[in-house]
Amino acid sequence: MTENRPSQSPDDGSWGSETPWQASSMSSQGQPSQTSDEHQQFSQQQWQGSYPGQRMTPPTYMVGAILVTLFCFFPTGIAAIVFSSQVSAKTNAGDIAGAAEASRKARLWIIVSLAAGVLAWIILMVVSLSTSSTTALVPSP
């Protein structure tokens, strides 16, 4: 079953006042369709691409999450890895707002892990230096 439609091209001016990409956003009464609050809120964020309708994926921070897990603080590093892996999964599922939130949480846990790791290393160095310096000052009998 084929339909006989006249061929229209953008060059011949037969589109009228409505272009194909505007037609999809119009409702049956000719009014623009309503968008969800979540879409409106997210469209203002930095993850939107340079072309209309194009969105870039939020950063996953996976490399940073793995590095802080190995070298800084293991428990909070695991949380960073979990959230950074959710970014790709949510992006592939089409949940861009959820992916942006997971990216933000992954970055937060990386910072927490880094701070905890640096604090733990400082405490370890202070304890190590304090015990080694007191041992050297004790006279031998």
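Which residues does Thr76 touch, not counting residues up to four places away in sequence? In the predicted model, Thr76 touches Trp109, Val112 and Ser113 once residues up to four places away in sequence are set aside. Thr76 is located in helix α4, and its relative accessibility of 13% places it in the buried class, for which the limit is under 20%. One of the residues that Thr76 touches, Ser113, is also its partner in a polar contact: the two side chains approach to 2.6 Å. Ser113 itself belongs to helix α5, which spans residues 96–137.

The setting of these contacts is a wholly helical secondary structure, with five helices and zero strands in the protein chain. Read along the sequence, the elements follow the pattern α-α-α-α-α. The protein chain has 141 residues, of which 18% count as buried. Among contacts between residues at least 6 apart in sequence, 48% join residues at least 24 apart.

Helix α4, which comprises residues 74–92, packs with helix α3, which comprises residues 62–71. The angle between the two helices is about 165°, and their axes lie 8 Å apart. Because angles over 145 degrees count as roughly antiparallel, α3 is assigned a roughly antiparallel orientation to α4. The crossing of α3 past α4 is left-handed. By class, the residues in contact comprise eight nonpolar and four polar ones, with no charged residue among them.

The contact between the two helices can also be described residue by residue. From α3, the participants are Met62, Ala65, Ile66, Val68 and Thr69. These meet Phe74, Gly77, Ile78, Ala80, Ile81, Ser84 and Ser85 of α4. Thr69 is one of the α3 residues in this contact and counts as polar; on the α4 side, Gly77, Ser84 and Ser85 take part and likewise fall in the polar class.

A further buried position occurs in helix α5, where Ile96 is found. The relative accessibility of Ile96 is 13%, which is under 20%, and Ile96 therefore counts as buried. Ile96 and Thr57 stand 39 residues apart along the chain, and 7.4 Å separates their C-alpha atoms.

Conventions. Residues are numbered from 1 along each chain as its sequence is written. This is a predicted model: local features need pLDDT of at least 70, side-chain atom pairs count only at pLDDT 80 or more; totals for chains, interfaces and linings use all residues. Side-chain values use heavy atoms; hydrogens and water are left out. Axes are lines fitted to C-alpha atoms, for helices over the stretch in contact, and angles run from 0 to 180 degrees between N-to-C directions. Helices (H or I, at least four residues) and strands (E, at least two) are DSSP runs, numbered from the N terminus. Angles under 35 degrees count as roughly parallel, over 145 as roughly antiparallel, 65 to 115 as roughly perpendicular and the rest as oblique. A crossing is left-handed if the near helix is turned anticlockwise from the far one by less than a right angle, and right-handed if clockwise. Contact means heavy atoms within 4.5 Å. Buried means under 20% relative accessible area, exposed over 50%, partly exposed in between (1.4 Å probe, protein chains only). A polar contact is a pair of N or O atoms within 3.5 Å; within protein, one must be able to donate a hydrogen and the other to accept it, and residues adjacent in sequence count only if both atoms are side-chain atoms.
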